[in-house]
Amino acid sequence: MYAIRRYHKREEPPLPKSRPKTKILPSIATRAKKIKVLLMDVDGTITTGTVNLLSQPDGSALELKSFDAHDGQGLTLARTAGIRTGIISGRESAAVRKRATEMGMEFVYEKQPHKIPAYEEILKKSGVLESEVAYLGDDLPDLTVMRRVGFAVAVGDAAIEVKQAAHYTTKAPGGKGAARELVELILKSKGVWDQMIDKARA
């Protein structure tokens with residue numbers, strides 16, 4: 001006589017109705033919602049920090065840089081939301097200038113071994129308070145600016161000194177979504193993220 005085996009369909013857990021919302025600490029939201037100008041370093045923040053040099057037949061070297069598309073979308077949304085953006089970099093790069101133009105960046109300062117002069121010029125041009133400026137950094141040259149702005153942010157793989165000086169550290173490392181994470185945080189703190197989603201463009 002054969003035993004009868006009964007098989008029950010395994011129940012799958014229900015799918016989430018929407019992506020869980022990241023909770024923003026009130027102290028961070030207070031700083032973020034004031035932001036009118038978003039500044040950042042380049043290497044190690046909107047790139048991974050790797051510098052690729054391609055040798056040329058004439059003995060020169062061509063510098064190659066990679067940029068994250070999600071960071072680009074975030075910076076474009078920041079501009080759409082009325083946030084003015086810019087970079088202060090110690091290096092000079094045609095690729096960076098092109099990317100900055102694509103992102104509609106208003107402030108582009110290259111070859112700045114000391115960043116405070118460029119920062120103070122941006123303050124004068126923009127007419128904003130320091131409490132209305134955010135800065136995204138990763139290494140020691142960024143500290144002078146980070147200690148003055150209203151919202152200092154370190155990328156996830158920043159130097160320990162930079163993290164200690166920051167009000168917030170992104171989960172994402174530099175060049176891999178850190179700028180996007182910061183823009184989302186700012187726009188969510190301002191209560192405009194959902195309406196910006198509908199304005200995203202390729």
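Let's start with the lining of the largest cavity: by class, that is 8 nonpolar, 1 polar and 3 charged residues. Keep in mind that this is a predicted model.

Who are these residues? Take the charged ones in the list: Asp68, Asp71 and Arg99 line the largest cavity. Gly72 is there too. The rest of the lining is Ile46, Phe67, Leu75, Ile87, Val96, Ala100, Met103 and Met105.

Which helices supply at least two residues each to this lining? Helix α2, residues 69–80, is one, and helix α3, residues 94–102, is another.

How much space lies in the largest cavity? About 60 Å³. And how many cavities of 30 Å³ or more turn up in a search of the whole structure? Just 1.

Now the sheet. It is open, with 6 strands and parallel pairing. Read the order across as β5-β4-β1-β6-β7-β8. The edges are β5, at 107–109, and β8, at 168–169, and each of these pairs on one side only.

Let's look at β6, residues 133–137. On one side, β6 pairs with β1, residues 37–40, in the parallel sense. That pairing runs over 4 bridges. Leu39 stands opposite Tyr135 of β6.

Then there is β7, residues 151–154. This strand also pairs with β6 in the parallel sense, over 4 bridges. Here Gly137 has Ala154 of β7 as its bridge partner.

Is β6 covered or open? Mostly covered: 5 of its 5 residues are buried. Which way do they point from the strand? Val133, Tyr135 and Gly137 point one way. Ala134 and Leu136 point the other way. Both sets are buried. So Tyr135, opposite Leu39, and Gly137, partnered with Ala154, point one way from β6 along with Val133.

Last element: helix α4, residues 116–126. It lies across β1, β4, β5 and β6, with β4 at residues 84–88. Against β5, the helix runs at about 160°.

To recap. One cavity of 30 Å³ or more, with α2 and α3 each supplying at least two lining residues. One open sheet of 6 strands, paired in parallel. And in β6, 5 of 5 residues buried. Happy to take questions.

Notes
Residues numbered from 1 in each chain as written. Predicted model: local features only at pLDDT ≥ 70, side-chain atom pairs only at ≥ 80, totals over all residues. Heavy atoms only, no water. Pairing = 2+ DSSP bridges. Contact = heavy atoms within 4.5 Å. Axes fitted to C-alpha atoms, helices over the stretch in contact; angles between N-to-C directions. 1 Å grid on protein atoms, 1.4 Å probe; cavity = no way out; pocket = protein on both sides within 12 Å on 5 of 7 lines; lining within 4 Å. Points joined across faces, edges and corners; volume = space filled by probe spheres on them. Nonpolar A, V, L, I, M, F, W, Y, C, P; charged D, E, K, R; others polar. Buried < 20%, exposed > 50% of the residue type's maximum accessible area, 1.4 Å probe, protein only.
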